Amino acid sequence: QVGTFIRDFTPKPVGMVEAVLTCAAKNAVDVHAGLIVVFSESGEAARLISKYRPCVPVVVVTTSAVARRCCSSTFALHPYVVEALPTGEEEQRQLLDRVLAYAVKAPLCPQGTVVVVVRGAAAKLSADTQP
């Protein structure tokens, strides 16, 4: 697999963020996922997932027009732009439901498949600095 080859030749040690996001791309293979969803304000988290050539599409939930443009030309990335990333847990679930409905309708993944979701730690939704 391409991701393993890239991981083997990436200079070590990698940062914590890249290590976690590498696992997201690898886990998509391990669980036969149909999609990866990543919340990324700057697009950095999405770029790092894409670096390892995931076998499935990656929907990037972002607030940034710059990140949207970069995603449009990067391997496997499909931008989903929102005005603001929600902070409440219920609003976050609703946003994820909308993203999954978009992915099924697009069609980026079949309904009922496993989805790997990458988000920030604690209350922060963006995975750019603490996935």
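Trainee: Is Thr 10 buried or exposed?
Mentor: This is a predicted model, in which local features need pLDDT of at least 70, side-chain atom pairs count only at pLDDT 80 or more, and totals for chains, interfaces and linings use all residues. Residues are numbered from 1 along each chain as its sequence is written, and side-chain values use heavy atoms, without hydrogens and water. Buried means under 20% relative accessible area, exposed over 50% and partly exposed in between (1.4 Å probe, protein chains only). Thr 10 has a relative accessibility of 9%, so this residue counts as buried.

Trainee: Which residue offers the backbone oxygen that the side chain of Thr 10 reaches?
Mentor: Thr 10 is found in the loop between helix 1 (2-8) and helix 2; helices (H or I, at least four residues) and strands (E, at least two) are DSSP runs, numbered from the N terminus. A polar contact is a pair of N or O atoms within 3.5 Å; within protein, one must be able to donate a hydrogen and the other to accept it, and residues adjacent in sequence count only if both atoms are side-chain atoms. At 2.7 Å, the side chain of Thr 10 reaches the backbone oxygen of Ile 6.

Trainee: In what order do the four strands of the open sheet stand?
Mentor: Two strands pair if DSSP finds at least two bridges between them. Strand 1 is joined to strand 2 by four bridges, and four bridges also join strand 1 to strand 4. With parallel pairing, the order is 3-2-1-4.

Trainee: Which residue of strand 2 is the bridge partner of Phe 39?
Mentor: Strand 1 and strand 2 run parallel. In strand 2, Phe 39 has as its bridge partner Val 61.

Trainee: At about what angle does helix 2 run to strand 4?
Mentor: Axes are lines fitted to C-alpha atoms, for helices over the stretch in contact, and angles run from 0 to 180 degrees between N-to-C directions. Helix 2 lies across strand 1 and strand 4. Its angle to strand 4 is about 175°.

Trainee: Which element supplies the largest share of the largest nonpolar core?
Mentor: A nonpolar core is a set of buried Ala, Val, Leu, Ile, Met, Phe, Trp, Tyr and Cys residues joined through side-chain atoms within 4.5 Å. The largest has 21 residues, of which Ile 36, Val 38, Ile 49 and Val 118 touch the most other members. At least two residues each come from helix 2 (16-30), strand 1 (35-39), helix 3 (44-51), strand 2 (58-62) and strand 4 (115-118). The largest share, five residues, comes from helix 2.

Trainee: Which residues form the covered face of strand 4?
Mentor: In a regular strand, side chains alternate between the two faces of the sheet. Val 115 and Val 117 make up the uncovered face of strand 4. The covered face consists of Val 116 and Val 118.

Trainee: How many aromatic pairs are there?
Mentor: Rings of Phe, Tyr and Trp (its six-membered ring) pair if their centres lie within 6.5 Å; planes under 30 degrees apart count as stacked, over 60 as edge-to-face and the rest as tilted. The count by this rule is two.

Trainee: How many residues apart in sequence are the parts tied together by Tyr 80 and Tyr 102?
Mentor: Tyr 80 and Tyr 102 form a tilted pair, 5.3 Å centre to centre with 55° between the planes. Because Tyr 80 lies in strand 3 and Tyr 102 in helix 5, the pair ties together parts whose separation in sequence, in residues, is 22.

How values were computed:
Contact means heavy atoms within 4.5 Å.
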